[in-house]
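Here is a short report on one protein model. It covers burial, overall form, charge and one helix.

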Amino acid sequence: MIEKRRTSRAPNKVSLHRALSKLGYCSRSQAVKVIENGKVLVNGVPCNNPLRWVNLVEDVISVDAAQLVQEKSRYILFHKPEGVVTTSSDELGRKTIYDCLPPQYHNLKPVGRLDKDTSGLLILTNDSRFANKLTAPEFKVPKTYEVTTLEPLTQKQIRQLRNGVEITIERKNHFARPV
């Protein structure tokens, strides 16, 4: 297991296991095994430390003698249907968003997620900085949701919603309001 460390703030610098993931080779957890098995070279030198800092622009990273190249940033808009989960694989065997997408989009990651019973717009990308700017609370990107209720709302419930609703997520309070 890799111990957690602070992420570098330097442009294009990431840990080696994250670099393999960003370059589309494999997941970070799979990358740890590949690196520790001695299959990775950084600038022609073997490296078995998954936490080694690398520069995605300047360093040459190879796995089994094949050089990894950073692909262009890609973005797609996907209308997720109800009954589909926002994940790459599901232990319960449910249909995933990737079952709905052609294989050339399977390396893209969803920006946020929608519940199984929810349909709507989902952005998928390989650009983690863009995804972070849309989802990280410090960027305060507003999100709009349209809800259909099973039964009509009472006047009291409508007033409560118009005044806004406080939601607690991971012991932090957030205020949702209508637009």
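## Burial and surface

Of the protein's 179 residues, 26% are buried (under 20% relative accessible area with a 1.4 Å probe, protein chains only; exposed is over 50%, partly exposed in between). The exposed area is about 13500 Å², by the Shrake-Rupley method with a 1.4 Å probe. Carbon and sulfur atoms supply 50% of that area.

This is a predicted model: local features need pLDDT of at least 70, side-chain atom pairs count only at pLDDT 80 or more, and totals for chains, interfaces and linings use all residues. Residues are numbered from 1 along each chain as its sequence is written, and side-chain values use heavy atoms, leaving out hydrogens and water.

## Fold and dimensions

The protein has four helices and eleven strands. These are DSSP runs numbered from the N terminus: helices are H or I, at least four residues; strands are E, at least two.

The C-alpha trace spans about 70 × 35 × 30 Å along its principal axes. The radius of gyration is 21 Å, against near 16 Å for a compact globule of 179 residues (taken over C-alpha atoms; the globule rule is 2.2 Å times the number of residues to the power 0.38).

## Charge

Positive side chains number 29 and negative ones 18. Lys and Arg count as positive, Asp and Glu as negative; His and the chain ends are not counted. The centres of the two sets lie 5 Å apart, with charges placed at NZ of Lys, CZ of Arg, CG of Asp or CD of Glu.

## Helix H2

H2 covers residues 28-36, with Ala31, Val32, Val34 and Ile35 buried. Its buried residues pack against helix H1 (16-22) and strands S2 (40-42) and S5 (61-63); contact means heavy atoms within 4.5 Å. Just after H2, Gly38 has a positive phi of about 75°.
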